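Subject: Structure for you to look at

Hello,

Here is the structure I said I would pass on. My notes follow below it.

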Amino acid sequence: MVKIGRNDLCPCGSGEKYKKCCGKNNVLSMELLIEKELHEIQLDILHYAMENYQEEMEDYLEECYEEFDIPDEAMEMFNFFGTTWFITSVEVDEETILEEYIDRNIEKFSRQRIKDILRTWKKAKPSVSIIQHQEGNQHITVQDIFSQEVQKVKVLEEEHKVETGGLVLGTILPAGPTSVFFTTFLDMPADESEELKDAVLSLYDESGEESPVDFMAASFLEVLDLFIFGKADVSIDDLEWKSAKHKEVAVNYQEYMKNYGHEETVIHLGVYLWNTYCMRRNPTIKKSNVYEAALVYLVDKLLPFGGMITQKELAEEFDISSNSISTKFKELENVLSEEIEDLHDKLETIDDEDAFFDGEHIFGEEKVGNAFTNSRITMERELLNMEREIGDRDFESIDELNDFMNKRINNQKPSPAKLSDKEKAQELLFDAYEASGSKRLQLAKKALKLYPNSPDAYNILAEYEMNPKERQNLYLKGMEAGEKELGQSFFSENKGHFWGIVSTRAYMRAKFSYGLLLHEKGKREEAIAQYEELLELNPMDNQGVRYELFIAHVEKGLFQKAESLLKQFNEEITANGAFNKLLIEYLQNGTSQKAKKLLKKAKGENPYVLDYLTGKKKLPGNTPATYGLGDESEAIIYADQHLHLWREHVELIEWLMKA
């Protein structure tokens with residue numbers, strides 16, 4: 001046997017001295033070595049996927065996400081689990097990334113046991129299991145809800161206590177005597193699990209998949225959505241109706257709204273209001289279409305971006321008189337006055353983009369009963385704290401690092417360390433973003449006094465500055481503070497990955513705002529320079545810089561650059577992509593055959609845009625806070641941002657009017 005000195009490198013490959021790694025207890029455990037190596041392989045799989053398939057994953061997941069109403073603040077969590085699902089379950093060139101990785105790399109591992117375990121990983125797919133037992137803080141015993149298979153799984157986050165009877169969502173990988181989760185898992189408490197289990201089983205029954213394994217591989221995102229956001233809104237069939245005619249109105253209303261591309265939230269709002277009205281008034285219905293039209297009109301009037309449809313238009317569509325709609329609308333409005341007033345009050349006190357309707361109530365930032373309730377700024381705070389704490393700690397093993405990461409994911413915070421002035425200032429700024437009014441301003445000033453190189457402090461001060469010149473100066477100071485804080489070498493070393501490093505985001509916000517202000521003042525060349533630099537720092541463009549850059553290019557007559565930008569970010573299924581591609585073709589080649597084809601395609605993507613471009617419809621006073629692809633709110637947002645580019649060309653508008 002080879003003797004290992006305490007100061008020799010540990011044979012497990014960690015790079016640490018033996019005394020600080022496997023030799024801490026003078027015992028070299030083969031099981032520990034296997035466990036460490038398997039965990040390192042998991043990390044290598046993630047690295048392999050991002051290095052070779054990042055673009056494919058992002059494009060595929062972005063398309064999948066269109067089917068879900070995911071709040072911005074939940075996207076990082078949704079995307080994390082979505083990425084691990086893609087690696088194990090979505091085939092690229094007839095095999096998954098996990099299968100490809102194992103096939104290409106298995107021979108480089110010297111241990112036969114590692115090779116045998118990896119071969120079993122190729123079949124791994126996500127699963128939903130009931131927690132039967134937890135042994136201390138190390139292992140849990142789970143039973144698959146479909147196959148009833150029982151497995152013992154090691155929990156790497158030692159202080160993460162789960163509940164017996166709760167549900168676990170994750171991908172379980174064999175790892176010797178016990179199994180492990182691929183990266184991590186999501187669990188639900190026991191009191192919510194029975195309903196959630198039934199919902200998952202119902203999804204499976206409705207899916208038509210031949211086996212639960214195929215179902216979980218194909219429908220993982222639907223199951224993840226259930227775990228994070230709970231059961232879908234109450235359906236029409238779940239509500240109590242006093243007559244079949246009452247229910248018929250709800251069904252027809254729902255069908256009408258779906259055909260016009262309205263979001264589920266809006267549809268459920270109308271169903272809820274109609275059900276409330278029926279329970280109070282118990283109307284005798286002879287012509288259901290009168291009530292359906294009145295309900296559509298009521299809901300349209302309630303929405304922040306409403307007022308897009310007239311009683312006359314509805315009367316023609318439903319083949320009834322405008323007077324009958326007006327009468328029923330007023331009746332609905334009177335009976336539902338309390339609900340309508342409550343709705344208006346809540347919409348005034350919360351940001352539109354954070355509002356949602358669950359089929360019964362209107363809520364603000366927090367979705368009651370959901371697994372994910374943190375706001376976007378809270379997520380950024382947590383990510384920055386995690387970066388800070390990882391940098392401050394000397395982890396002696398990968399397990400220790402992984403344990404720490406999982407504790408952070410599950411909101412189990414370690415003992416707080418003493419903060420520097422810079423860190424205290426950033427915490428004040430996070431508090432400021434979550435505050436409003438004078439308190440927000442005071443916190444920003446306090447942070448700036450504590451640490452002058454705080455870009456977000458200048459960003460907040462600029463929000464309250466009415467003088468455009470002074471506001472521009474504040475954003476410039478924010479950029480300069482960020483550049484000084486990050487350092488010149490940081491920019492060259494991290495260009496292309498900026499947004500993924502949380503500490504850069506305050507600087508990126510200042511730079512984007514500075515560019516927007518330059519653009520607004522007509523300084524297009526200077527604005528373009530800021531936009532292009534932002535895209536160099538972050539080619540994935542999490543901020544949406546590309547939309548402003550396109551407009552600036554067209555305004556400057558730089559049509560080829562605008563066209564190149566559209567090709568770089570291929571978004572043809574959106575109003576932005578489809579209509580901007582048409583615009584560029586016309587500006588370069590007039591009403592060509594290609595332009596005619598592009599017009600047909602653009603109308604197919606969103607038929608509402610042309611009415612706003614040609615002036616058939618006027619833009620509403622308020623721009624929608626949210627939109628769905630192909631619906632009228634998307635058309636309003638597009639027209640609001642791009643109308644001036646189209647209206648400069650009279651011949652173009654005349655051509656559109658004839659289309």
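Which side chain does Arg505 meet in a salt bridge? Arg505 pairs with Glu76, at 3.7 Å from N to O. Please keep in mind that this is a predicted model.

The two partners come from distant parts of the chain, 429 residues apart: Glu76 belongs to helix H2 (residues 75-89), and Arg505 to helix H20 (residues 505-520). Their surroundings can be stated as well. Arg505 has a relative accessible area of 8% and is buried, whereas Glu76, at 37%, counts as partly exposed.

Overall make-up

The protein chain has 659 residues, and 50% of them count as buried. It contains 28 helices and ten strands. Among contacts with a separation of 6 or more, 61% are between residues 24 or more positions apart. The accessible surface is about 33,400 Å², with 47% of that belonging to carbon and sulfur atoms.

One annotation is available. An unreviewed UniProt entry places the feature "repeat: TPR" at residues 508-541. In the model, residues 508-541 are 79% helix and 0% strand, and the C-alpha atoms at the two ends are 11 Å apart.

Salt bridges

In the whole structure, 24 salt bridges were found. Besides the one above, two more are worth opening in the viewer.

Glu485 and Lys422 form a salt bridge with an N to O distance of 2.8 Å. Here the link is between helix H18 (residues 468-486), which holds Glu485, and helix H15 (residues 421-434), which holds Lys422; the two residues are 63 positions apart. Glu485 counts as partly exposed at 25% relative accessibility, and Lys422 counts as partly exposed at 41%.

Glu525 forms a salt bridge with Lys556, and their closest N and O atoms are 3.0 Å apart. Glu525 sits in helix H21 (residues 524-537), while Lys556 is in the loop between helix H22 (545-555) and helix H23 (559-568), 31 residues away. Is Glu525 buried or exposed? With a relative accessible area of 58%, Glu525 is exposed. Lys556 is partly exposed, at 35%.

There is also a network of salt bridges, which links Glu572, Lys581, Lys601 and Glu605.

Aromatic pairs

The count of aromatic pairs comes to 21. One of them is Phe146 with Tyr204, an edge-to-face pair with 5.3 Å between the centres and 75° between the planes. Phe146 lies in the loop between strand S4 (139-144) and strand S5 (150-154), and Tyr204 lies in helix H5 (residues 190-207), so the pair ties together parts that are 58 residues apart in sequence. Phe146 counts as buried at 16% relative accessibility, and Tyr204 counts as buried at 17%.

Another edge-to-face pair is Phe490 with Phe498, where the centres are 5.5 Å apart and the planes meet at 70°. Phe490 and Phe498 are both buried.

Beyond these pairs, Tyr60, Trp85, Phe86 and Phe220 form one aromatic cluster.

Strand S6 and its partners

Which strands pair with S6 in the antiparallel sense? They include S3, S7 and S8.

Strand S6 covers residues 167-174 and is mostly covered, with seven of its eight residues buried. Strand S3 (residues 126-135) runs antiparallel to S6 and is joined to it by five bridges. Ser127 has Gly170 of S6 as its bridge partner.

Strand S8 (residues 186-188) pairs with S6 over three bridges, also antiparallel. In that pairing, Leu167 has Met188 of S8 as its bridge partner.

Strand S7 (residues 179-181) pairs with S6 in the antiparallel sense over three bridges. Ile172 stands opposite Phe181 of S7. S6 and S7 form a hairpin with four residues between them, and Gly176 in the turn has a positive phi of about 100°.

If you open the model, the Arg505 and Glu76 salt bridge is a convenient place to start, followed by strand S6 with S3, S7 and S8.

Regards

Methods: Residues numbered from 1 in each chain as written. Predicted model: local features only at pLDDT ≥ 70, side-chain atom pairs only at ≥ 80, totals over all residues. Heavy atoms only, no water. Buried < 20%, exposed > 50% of the residue type's maximum accessible area, 1.4 Å probe, protein only. Contact = heavy atoms within 4.5 Å. Areas by Shrake-Rupley, 256 points an atom, 1.4 Å probe, with all protein chains shown as cover. UniProt positions renumbered as here; feature names shortened; annotations may be inferred. Salt bridge = Lys/Arg side-chain N within 4 Å of Asp/Glu carboxyl O. Phe/Tyr/Trp six-rings, centres within 6.5 Å; stacked < 30°, edge-to-face > 60°. Pairing = 2+ DSSP bridges.
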